[in-house]
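Me: Please justify the terms applied to the structure shown below. I should like each label set against its definition.

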Amino acid sequence: MKRGILILAVLACAVPALAQFGGMPIATGADPMEAMSLRASGGLVFGDDFNLYGVRGTVSPIKGLAAFGDAGVIDPDIGDLGWALQAGGLFSMPLDLPVDVGLRGTVGLAGYDFDGGTARFKNINGGVLASKKIEILTPYAFMGINYVKATLDVDGLGDVDDDDTDLALAGGAVLTVNEQLSFYGEIDYIDDPFFAAGARFDF
């Protein structure tokens, strides 16, 4: 009985938490990066059920197409410190519009241990990103779909699976300090609201 309550508690926290981590933060506008440019960024994500601390590397092999990879540490309310990995891409669409528009997608993996087992997660996120550069400020908005599958390996009981699909929303802004340094702040919503902030450096 006690083990069953623990499983329910972990699932209740873990699936929404990892749904929130999935694909986020956006941390950029949809304006195209120049060909062969590089960017490094780092930041924090704060939610009700978890916090996430991570870094991101981004490369643009051709103008308008950016590929990025994330590595981070996830800190759940129920469980030990764990790991989170994510890879994705952003295609800035060549449209003649008053705002920049891009298509963004990510896939992610994460995991952590809890009392009596381990939790592992797979995540897919995709949607549309729009932004407008106004002097040193670039406000942006994202809307898409997020899918997460959680697998709990419980000692003595084996695997327990659950999944969830939610609307993914984000809004934020990038503040450009100079040609290399910028800061971002963001509010996201996937099942619950959460917040992100960090810094970026362009090489």
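The exchange that follows takes up salt bridges, strand pairing and surface patches in turn.

Me: On what basis do the values rest?

Reply: This is a predicted model, in which local features need pLDDT of at least 70 and side-chain atom pairs count only at pLDDT 80 or more, while totals for chains, interfaces and linings use all residues. Residues are numbered from 1 along each chain as its sequence is written, and side-chain values use heavy atoms, with hydrogens and water left out.

Me: Why is the contact between Lys63 and Glu34 called a salt bridge?

Reply: A salt bridge requires a side-chain nitrogen of Lys or Arg within 4 Å of a carboxyl oxygen of Asp or Glu. For Lys63 and Glu34 the N to O distance is 3.7 Å, so the pair meets the rule. The pair links distant parts of the chain, 29 residues apart: Lys63 is in the loop between strand 2 (50-62) and strand 3, and Glu34 is in the loop between helix 1 (2-21) and strand 1 (37-46). Helices (H or I, at least four residues) and strands (E, at least two) are DSSP runs, numbered from the N terminus.

Me: How many salt bridges are counted by this rule?

Reply: The count comes to three. Among them is the pair of Asp202 and Arg39, whose closest N and O atoms are 2.8 Å apart. Asp202 belongs to strand 10 (residues 192-202) and Arg39 to strand 1, so this pair ties together parts 163 residues apart in sequence. Asp70 and Arg56 also meet in a salt bridge, at 2.7 Å from N to O. Their link runs between strand 3, which holds Asp70, and strand 2, which holds Arg56, 14 residues apart.

Me: What makes Asp202 count as buried or exposed?

Reply: Buried means under 20% relative accessible area, exposed means over 50%, and partly exposed lies in between (1.4 Å probe, protein chains only). Asp202 has 15% relative accessibility and therefore counts as buried. Its partner Arg39, with 15%, is buried. Asp70 is buried at 15%, and Arg56 is buried at 11%. In the remaining pair, Lys63 counts as exposed because its value is 52%, whereas Glu34, at 49%, is partly exposed.

Me: How do you know that strand 7 and strand 8 pair?

Reply: Two strands pair if DSSP finds at least two bridges between them. Strand 7 (residues 137-154) and strand 8 run antiparallel and are joined by 18 bridges, so the requirement is met. Leu137 has Leu175 in strand 8 as its bridge partner, and Lys149 stands opposite Asp163 in strand 8. The hairpin of these strands has three residues between them, and Gly156 takes a positive phi near 85° there.

Me: What makes strand 7 and strand 6 a pair as well?

Reply: Strand 6 (residues 117-131) pairs with strand 7 in the antiparallel sense over 15 bridges, and Ile124 has Tyr147 as its bridge partner in strand 7. Their hairpin has five residues between the strands, with Glu135 at a positive phi near 60°.

Me: On what evidence is strand 8 paired with strand 9?

Reply: Eight bridges connect strand 8 with strand 9 (residues 181-190) in the antiparallel sense. Gly172 has Glu186 in strand 9 as its bridge partner, and a hairpin of four residues joins the two strands.

Me: What makes Asp159 eligible for the negative surface patch?

Reply: Patch residues have over 30% relative accessible area and no salt bridge; like charges are joined within 9 Å, and nonpolar side chains (Val, Leu, Ile, Met, Phe, Trp, Tyr) within 5 Å. Asp and Glu count as negative, and the place of a charge in Asp is taken as CG. Asp159 counts as exposed at 55% relative accessibility, and the patch includes Asp159, Asp161, Asp162 and Asp163. Asp159 lies in strand 8, and strand 8 (residues 158-176) gives the most to this patch, with four residues.

Me: Why can Val73 belong to a surface patch although it is partly exposed?

Reply: Val73 has a relative accessible area of 34%, and the patch rule asks for over 30%, so the value suffices. Val73 lies in strand 3 (residues 65-76). Its nonpolar patch, of about 620 Å², also includes Leu44, Phe46 and Ile187. Accessible areas come from the Shrake-Rupley method with a 1.4 Å probe.
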